[in-house]
Structure formats: C-alpha cells, structure tokens
Amino acid sequence: MTMMINENLSLEKCPALVLNADYRPLSYYPLSLWSWQDAIKSVFLDRVSIVSHYDRMIRSPSFSMQLPSVIALKSFIKPRSNPNFTRFNVFLRDKFSCQYCGSNDELTFDHLLPRSKGGKTDWENVVTACSACNVKKGGRLLKNSGMKLNQWPFQPTTEDLHRNGKNPVLIILSITEYNPFFVAPCSYAISLCSNSSALNFLIFSLSFFSSSCN
Ligand SMILES: [Zn+2]
C-alpha cells in the first residue's frame, strides 16, 4: 500500500510513542518509539489501539487516516527487568545528583575502585559525581579519600528507573529529540515545573539522552 501525506512534514519526524497495555511506555530511556510505518502496520493488524494522533493525514487510494502519535499495545509485554548500563541510566539511578555532595552541576562519573586499579565500568563500580568531587577523589580508594558516599552503587531494576524518571516533562522532552511538534506541550510542561532540581534533571536528561558509557 502506498501512502502519502497531504502536508510537507517529513514522516521520519512522526514516530509513534508505544505504550504497553498498562499505558506506560514500553521503555523510557531510550523512549519506545516506532516508525510511522510500523505504527500503521500494527494498527491494521489490530495489535494496538490509537491513543493520540498527529494533525497529519496519510492517504492511499482506498482509505485515509490520521497518523497515530501514541499507540498502546493490546497485549501486555513484560518489561525487561534489567535496564542497560548507559550513561543516562546511571544518572537516572542516582537521580542526577553527585553521590558525594548532592550537587546537580557538571555531572560526570566516578569509579569507586579506580580504573587504574582494575575497577570496572559497571553498575556496581560507577557512581554519578560532580566534576569537583571527581577531581577531589582522583585515583584514590574511597576509604582513603575522606569522602562519604550517599548510596552504594547497585544494578537497578527497570522499576527503579521508572520510579526515578516518572516525570511527564522528561518524557515529553525525550520525544522532542525526534519530534518538533511536541515542543509546544513541552514548553507548557516546563512552565509547570517550578522547582530547580526538576529543571536540572530535565537539562541533564536532554544532554545525555540515549548516550552510552564507554
Ligand atoms: Zn560533588
């Protein structure tokens, strides 16, 4: 089936957000997005319900419909219990705050057991740290640094990350990486977001969205 839209918008900029049958995104980080083709296909296969749509028509010789922007699966998919180890997810686990001093500024990573001493880059050895604390600790072991850790690093579950990232503004911002048409609701959502830690959270989430630890 050949489909055409009646406007100039690139269809590549119209992904559909995919929700599970419980109406939560299949994944938050990265956000679960399907191409418009996959979204339409799943509508025709009756595997999803349309929750919301774009103001864009797609047409074929025999039918026309509005392009879905949010779809929900009809069958529940059990989410992965262990999220990927990514830069963004480490920050999310640590709530975008330095695990030594609590700052939200200039966040980077600290290896508890320094790499120079064989420390691994994994969930159990990497914590979020601000640049100042990272420099201060340097290549020392925690016990020799005189610094105190807020929370020992751990492998989070998907639930843990969902809990920390349960922020509609964050989700909308994630979408804007792909979809400029979400800018308006995004601005509106930011205007509702009055506390500064939430705003810091947003800024970091934009900067580090979907980037990975190396
Ligand atoms: Zn710090």
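**Exercise 1. In this predicted model, find the hairpin that joins β4 to β5 and work out how the two strands pair.**

Start with the connection: 4 residues make up the hairpin between β4 and β5. Next, get the strand limits. β4 covers residues 48–59, and β5 covers residues 64–73. Now look at the direction: β4 and β5 pair in the antiparallel sense, with 8 bridges between them. For a spot check on screen, pick I58 and look across to β5, where its bridge partner is M65.

**Exercise 2. Which strands does β2 pair with, and is each pairing parallel or antiparallel?**

Put residues 16–19 on display, since that's β2. Take β3 (residues 33–34) to begin with: β2 and β3 run antiparallel and are joined by 2 bridges. A16 shows you where to look, as its bridge partner in β3 is W34. Then turn to β5: here the strands run parallel, and 3 bridges join β2 to β5. L17 is a handy marker, standing opposite V70 in β5. So β5 pairs with β2 in the parallel sense and with β4 in the antiparallel sense, which you can read off from the DSSP bridges.

**Exercise 3. Is P83 buried or exposed, and why?**

Locate P83 in the loop between β5 and α2. Count its surroundings: 23 other C-beta atoms lie within 10 Å. The cut-off for buried is 20 or more, so P83 is buried with its 23.

What does P83 touch, leaving out residues up to four places away in sequence? The list is N89, P156, T158 and L161. Another long-range pair is worth a look: P83 and E159 are 76 residues apart along the chain, yet their C-alpha atoms are separated by 9.2 Å.

**Exercise 4. Which residues touch the most other members of the largest nonpolar core, and which elements supply two or more residues to that core?**

The core has 13 residues, and the best-connected members are F91, C98, Y100, L107, A129, C130 and C133. Two elements, α2 (87–93) and β7 (126–130), each give two or more residues to this core. Don't stop there, though: a second, separate core has 12 residues, including C14, A16, V18 and Y54.

Go back to Y100 and list its contacts, again skipping residues up to four places away. You should get A129, C133, M147, K148, L149 and N150.

**Exercise 5. What percentage of the residues in the protein chain is buried?**

Take the whole chain, 214 residues: 27% are buried. As for contacts with a separation of 6 or more, 64% come from residues 24 or more positions apart.

Note on methods: Residues numbered from 1 in each chain as written. Predicted model: local features only at pLDDT ≥ 70, side-chain atom pairs only at ≥ 80, totals over all residues. Core = buried A, V, L, I, M, F, W, Y, C linked by C-beta atoms within 7 Å. Contact = placed C-beta atoms within 7 Å.
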